[in-house]
Structure formats: structure tokens, C-alpha cells
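Biologist: I would like to go through this model with you. Could we take it topic by topic?
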Amino acid sequence: MPAPPDRLPEALLADALAYLGEVTGLQPREARGHLGALHERYPDVPMRLVWRREAADESCHYDLLIKTAAGTISLALASNQVLPWPMRGSQPSGDQVVVRINGVDVKMEQVVSILDVLWGDVRLAERLVNAHLVMEETSSGRTELTDGELRQAMDAFRRARGLLTAQATREWMAQRGLALASLEELVAEQAAARRLRRRIVAGRAEAVFDAHRDDFDRLHVLRLRYAETEAARAALPRLRDAADPVALAAREVLGNAATCQMEEVRRRDLPAGAAGARAGDVLGPFPADGGSAVVYVLQVRPAILDEATRALIEGRVFDEWLAERRGKATVEWLWGTVARTEVLNAALGNAPSAG
């Protein structure tokens with residue numbers, strides 16, 4: 001996204017209000033499609049469309065978020081037939097009640113209070129932040145799908161879930177309380193995320209492969225896991241001196257000294273020290289599942305840029321893009337102690353939160 005400007009163009013407010021008038025009554029995918037024209041007119045102004053859907057009639061209330069150097073402007077337009085959101089006296093129960101069990105409402109604040117697992121698993125918090133950053137980028141209107149692309153995405157979505165008939169699709173939607181507009185919105189978001197990823201990684205796989213070719217070598221290895229580090233350390237010279245390390249590994253397993261697994265790994269997935277590993281090398285010990293592991297290299301296959309390697313590289317490039325975005329994002333966790341939120345944000349590479 002472009003950097004927020006210090007001052008907004010004089011005509012932007014009128015054009016933005018006109019845009020909000022155009023999209024009143026439209027579904028989000030159509031509304032975001034119209035946003036492209038506003039982006040073209042003001043390419044240096046970061047803008048994003050957000051909405052709230054009415055459960056009763058599936059209509060949407062839109063807000064246009066316009067970023068400036070001083071802050072974010074929220075612009076909305078309510079037709080004469082509806083009450084503006086700030087004037088509505090009560091919050092819809094669906095915004096607070098997550099589930100009703102035996103007639104008792106379980107509210108969002110109660111659910112949040114038991115999500116203690118979040119603080120112990122940085123990966124879960126990272127996925128939450130990543131999902132929002134992707135949604136923020138795709139909801140700008142710059143990556144909107146065409147009708148044909150949406151149909152293809154919907155067909156792929158249904159095939160992946162075995163929804164091969166209209167009846168099966170309707171039953172699947174009913175089980176999840178989804179209307180057709182909500183399903184289309186879900187599919188469009190997933191497809192737009194894939195399209196964003198393709199745009200971010202386009203043309204970069206070759207350069208990364210050339211610069212880090214050895215990282216993607218395929219190594220066939222025997223991984224012996226020991227409960228104690230000393231046992232793994234003692235196994236190293238035995239394996240290195242053995243005439244037949246595979247037979248020795250089998251005896252280690254039969255004697256219950258270790259467990260063994262044959263794997264194919266990329267060189268980059270092995271711990272430090274495996275950079276120059278060749279067939280016949282014994283590596284380790286490495287931490288593994290509460291114990292230690294010793295790795296015997298059976299074979300090394302030099303890397304080639306096949307589809308599997310390309311997908312791996314593209315995943316790395318996209319992860320790096322997400323990490324860069326997280327580093328620039330300000331994340332404010334609205335529950336949890338200050339100490340815990342600071343530790344979590346530090347682990348994610350975010351700016352400090354308000355806690």
C-alpha cells in the first residue's frame with residue numbers, strides 16, 4: 001500500500017461520498033469492484049472498504065477507511081431509509097453472543113477469557129495477524145475477482161468439499177448458517193488471497209533458487225531418536241565407524257535404545273552444521289521431541305527447480321512478505337496482561353501493543 005499522505009486531495013471527499021452512494025445496496029464483491037475506479041483516481045491515498053452485514057436481510061453497511069499521516073478517516077453514508085450506525089442504541093446480539101448452550105448465552109468476552117492457549121502458542125497468534133494483513137490487502141479493491149474467476153473459485157471450493165450437487169451445497173450452507181452471499185464472500189476472500197500470493201511471489205522463485213540452490217538439495221536420511229542426549233552423543237562414533245550404519249541403526253532400534261525413521265528432507269530443514277553434508281555423513285546430536293536425534297545421510301540429490309521446489313520457495317517468499325508487514329503493523333491485543341502482550345508482540349515482530 002502507498003504511504004499515507006500528509007494532506008488529502010480536495011476532491012477526494014466528494015468522490016468518496018459519491019462512491020459510497022453508488023455501492024449502497026450492493027454486495028461486498030461488487031462494492032469492492034467499484035473501489036478500483038477510486039484507487040485509479042487517487043493512487044497515492046491508501047483506502048480500504050469495510051462493512052457490517054445485517055443478519056435479517058443480508059444487506060451491508062459500508063465504511064470507507066482513508067489513511068492519512070495524521071490518522072485514519074472513517075467515512076460512511078446511510079440512506080434516508082436506515083438509521084446511521086452511530087445512532088443505533090443497541091449492539092446486535094450476534095456481535096456478542098457466540099453460542100447458546102441449554103438456553104444460556106456464551107458471550108465473546110467469556111470465549112476470549114479461556115483462549116489462554118494463544119499466549120503459549122505464537123503460531124496461533126501469528127496466523128491470526130497474518131490472516132488480517134492478507135484481508136487488509138485484498139479488501140482494498142486492487143485484487144478483485146472477475147465473475148469468471150469467482151465461478152472457477154466456487155467450483156474448486158465445492159469440489160474440494162465433495163459438494164457436487166446443488167442440494168449438497170445447500171445442506172452444507174444450512175449446517176453452517178451461511179447465505180449464498182456470505183458463501184460467495186468467503187470463497188472470494190480465499191481466492192483473492194491466493195491471487196495476492198501469486199502477485200507477491202511472481203518471478204522471484206528463479207532468483208531465490210539461484211542464490212540458495214544448496215538449501216533445496218534433497219537428503220535421504222535415517223533419523224535415530226534417543227531419549228537422552230548422552231545416549232545420542234555416544235551413538236555418534238559407533239555409527240561413524242560402523243561398516244554398515246544401517247544395520248547398526250536396526251540393532252539400536254531392536255535393543256530399544258532408539259527409534260528410527262527414514263525421511264527425505266531439504267538441506268535447509270536440517271539444523272545448523274548440515275550445510276556441507278554428504279552421503280555417509282553422521283550428523284548430530286540435535287534436539288528432537290524432548291530427546292536428541294542423530295542423522296545418518298543415505299543419499300544427497302542436488303536441487304532442481306521442479307514444481308515442489310518452486311512451491312517451497314514461493315511459500316518462503318510470501319512468509320517473508322508477511323513478516324515484513326507484521327514488522328510494520330501496530331497490533332493492540334485487547335485482553336491479556338501487558339507483560340504477556342508485550343512478549344507476544346516481540347515474538348511476532350510487531351510494534352508494542354496497548355495491552
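Biologist: To begin with a single residue, is Arg-301 buried, partly exposed or exposed?

Modeller: Arg-301 is partly exposed, as its relative accessible area is 37%. Buried means under 20% relative accessible area, exposed means over 50%, and partly exposed lies in between, with a 1.4 Å probe and protein chains only. Please note that this is a predicted model, in which local features need pLDDT of at least 70 and side-chain atom pairs count only at pLDDT 80 or more, while totals for chains, interfaces and linings use all residues. Residues are numbered from 1 along each chain as its sequence is written, and side-chain values use heavy atoms, with hydrogens and water left out.

Biologist: Which side chain does Arg-301 meet in a salt bridge?

Modeller: Arg-301 pairs with Glu-264, at 3.2 Å from N to O. A salt bridge here is a side-chain nitrogen of Lys or Arg within 4 Å of a carboxyl oxygen of Asp or Glu. The pair links distant parts of the chain, with Glu-264 in strand E7 (residues 259-266) and Arg-301 in strand E9 (residues 291-301), 37 residues apart. Glu-264 is also partly exposed, with a relative accessible area of 42%.

Biologist: Which residues are linked with that pair in a network?

Modeller: The network of salt bridges links Arg-218, Glu-264, Arg-301 and Asp-306.

Biologist: And how many salt bridges does the count come to?

Modeller: The count is 16 salt bridges by this rule. One of them joins Arg-41 and Asp-15, whose closest N and O atoms are 3.6 Å apart. Arg-41 lies in helix H2 and Asp-15 in helix H1, so this pair ties together parts that are 26 residues apart in sequence. Arg-41 has a relative accessible area of 46% and is partly exposed; Asp-15, at 21%, counts as partly exposed too.

Biologist: What about Arg-213, which residue is its partner?

Modeller: Arg-213 forms a salt bridge with Asp-210, and their closest N and O atoms are 3.5 Å apart. Arg-213 counts as partly exposed at 38% relative accessibility, whereas Asp-210 counts as exposed at 53%.

Biologist: Changing topic, how many helices and strands are in the chain?

Modeller: The chain has 13 helices and 9 strands. Helices (H or I, at least four residues) and strands (E, at least two) are DSSP runs, numbered from the N terminus.

Biologist: How does the end-to-end distance of H8 agree with its expected span, and why?

Modeller: Helix H8 (residues 180-201) has 22 residues, so at 1.5 Å a residue it should span 32 Å, and its end C-alpha atoms are 32 Å apart, which agrees. The expected span is 1.5 Å times one less than the number of residues. Among the buried residues of H8 are Leu-183, Val-187, Ala-191 and Ile-200. After H8 comes Gly-203, with a positive phi near 75°.

Biologist: And what do the buried residues of H2 pack against?

Modeller: They pack against H1, E1, E2, helix H5 (122-138) and H8, where contact means heavy atoms within 4.5 Å. The buried residues of H2 include Arg-32, Leu-35, Leu-38 and His-39. The 14 residues of H2 should span 20 Å, and its end C-alpha atoms are 21 Å apart, which agrees.

Biologist: Which members of the largest nonpolar core touch the most other members?

Modeller: Of its 17 residues, they are Tyr-19, Leu-38, Met-47, Leu-49 and Leu-64. H1, helix H2 (28-41), strand E1 (47-53) and strand E2 (60-67) each supply at least two residues of this core, and H1 gives the most, with 5 residues. Apart from it lies another core of 14 residues, among them Val-134, Ala-205, Phe-209 and Leu-322. A nonpolar core is a set of buried Ala, Val, Leu, Ile, Met, Phe, Trp, Tyr and Cys residues joined through side-chain atoms within 4.5 Å.

Biologist: What share of the residues in the chain is buried?

Modeller: Buried residues make up 35% of the 355 residues. Among contacts in the chain between residues at least 6 apart in sequence, 65% join residues at least 24 apart.

Biologist: Lastly, how far apart are Ala-347 and Glu-126 in space?

Modeller: They are 9.1 Å apart, C-alpha to C-alpha, and 221 residues apart in sequence. Ala-347 lies in helix H13 (residues 338-348) and is partly exposed, with a relative accessible area of 47%.
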